[in-house]
Amino acid sequence: MNHFDLEDGGLACESVSLDAIAEAVGTPVYVYSSATLERHYLVLRDALVNAGLGDPMIAFAVKACSNVAVLKTLSRLGCGADVVSEGEIRRALAAGIPGARIVFSGVGKTAAEIEFALSTGVAEINVESEPEMDRIAEVAARLGRRATIAIRVNPDVGAGGHAKISTGKADSKFGVSFSEAARLYAKASNSAWLDPIGLAYHIGSQITDLAPMEAACLKMRGLVESLRDEGLSVRRLDLGGGLGAPYFDQPDPPGVEAYAAMIARVMAGLEVQFAFEPGRVICANAGILLARVIHVHRRPEGRNFLVLDAAMNDLIRPAMYEAFHDIRPVAPRPGAPEVYDVVGPVCESGDTFARERRLPPLEAGDLVAFMTAGAYGAAMASEYNTRPLAPEVLVRGDKFALVRPRPSYESILAAERNAPWL
Ligand code: LLP
């Protein structure tokens, strides 16, 4: 469910027409709906609570959509942050998310990042390897501050919409193996500077089948019980993120109620606080990328290239993961649909959003919306081909705000320095 609907013949975000946003801000531009963000967070939270999972800690995966205004929208509802860098910690803090609601994940945290995280009192640092755990203990000792950690376990369960976003198999770089987990947990429990609060896992992203999640949950439950049998205290279980969002090219992923019910069933009677790191399920459908048709290149042999002013640098998911994004004309014209290759202006064949997509007829100057672009859209954008980062707009009701302006060419060039010998 999202708040991008046709209103008076044109696509609108809540009560603001996308045409008005394009006029005011230019294209390409990311547009987010506050109502959709809020709804998705609240629906997830209610599903988890109603399933009997207590008072879960929900830490939004900042990497999915890191704009501070988006984070603030979620933070005001009590949402926390799952972060993977000092930069993301700083974003979360700037959005008013206190350290006590921040989970610090990631495979390679530097000593400087760990020090910064500890100084802000993060709720949990997810340890991904033994050297990392040793480093956290060293930094904590130096600061005289005990570090609350969870051990991220790799449950050796594959899941996720694409090989590049599957993280739970034994050969992936994420987390410690089951065989190491108990030893590391015991080692942490014996350290004066570490407070092991529990375990964490995250097996992949855009998961559309609950079976691998259930398999991983069962393994995690078994591990909690065996640690407790050894007299170790396990108070929190962080079940990561990964639940898929509907992209309209395949059957809908399981809903949050089914997800919550599965966890409640597998974890029944296990006394822990649950933590979650959802990204996509909260923000994917809350954002679109709005672009304008530069022209239609009709090859006499029969291919129609719809050349847009958005490119792979703005939305890399189709190039990187063969991802499908629904493309909708903002003001659909009457007439027979046509078949287009939808491309951007970047000088690579990979700069193709869709091949042979059937769309209503389009002409130069028309606006199109890439749906479900709120997750891993703006957050993964770059200035490749020296194309300024697309601005971001946040809508609430009949109002909109430019929450990240488009950088000027002057500011892009001013960020660089001459070498003294040139
Ligand atoms: N927790 C951890 C430790 C993660 O690595 C991730 C995502 C999440 C939570 C949030 O996962 P989500 O709920 O959003 O699935 N760029 C790719 C997705 C990469 C996901 C990376 N990790 C894409 O565009 O599909």
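**Two domains, one ligand**

Biologist: How far apart are the centres of domain 1 and domain 2?

Modeller: Taken over C-alpha atoms, the centres of domain 1 and domain 2 are separated by 32 Å. This is a predicted model, where local features need pLDDT of at least 70, side-chain atom pairs count only at pLDDT 80 or more, and totals for chains, interfaces and linings use all residues. Residues are numbered from 1 along each chain as its sequence is written, and side-chain values use heavy atoms, with hydrogens and water left out.

Biologist: What makes up domain 1 and domain 2?

Modeller: Domain 1 is 4-32 + 284-414 and domain 2 is 34-283; the bounds come from an automatic or database domain assignment. Between them, 26 residues of domain 1 are in contact with 27 residues of domain 2, contact meaning heavy atoms within 4.5 Å.

Biologist: Which residues are closest to the ligand?

Modeller: S205, E277, R317, Y321 and Y376, out of 18 that surround the ligand. To count, a residue needs a heavy atom within 4 Å of the molecule. Each of the two domains supplies at least three residues of that shell.

Biologist: What makes the R317 pair with the ligand a polar contact?

Modeller: A polar contact is a pair of N or O atoms within 3.5 Å; within protein, one must be able to donate a hydrogen and the other to accept it, and residues adjacent in sequence count only if both atoms are side-chain atoms. A polar side-chain atom of R317 sits 2.6 Å from a ligand oxygen, so the pair qualifies. K63 also has a polar side-chain atom 3.2 Å from an oxygen of the ligand, and an N or O atom in the side chain of D82 is 3.4 Å from a ligand nitrogen.

Biologist: Why is E132 called buried?

Modeller: Buried means under 20% relative accessible area, exposed over 50%, and partly exposed in between (1.4 Å probe, protein chains only). E132 comes out at 2%, so buried it is. Its side chain reaches the backbone nitrogen of E128 at 2.9 Å. Beyond its neighbours within four places in sequence, E132 is in contact with residues including G106, K109 and N126.

Biologist: And why is P360 called partly exposed?

Modeller: P360 has a relative accessible area of 26%, which falls between the two cut-offs, so partly exposed is the label. P360 lies in the loop between strand 18 (352-359) and strand 19 (367-370); strands are DSSP runs of E, at least two residues, numbered from the N terminus. Leaving out neighbours within four places in sequence, P360 is in contact with P329, R333, P337 and Y340.

Terms used:
Helices (H or I, at least four residues) and strands (E, at least two) are DSSP runs, numbered from the N terminus.
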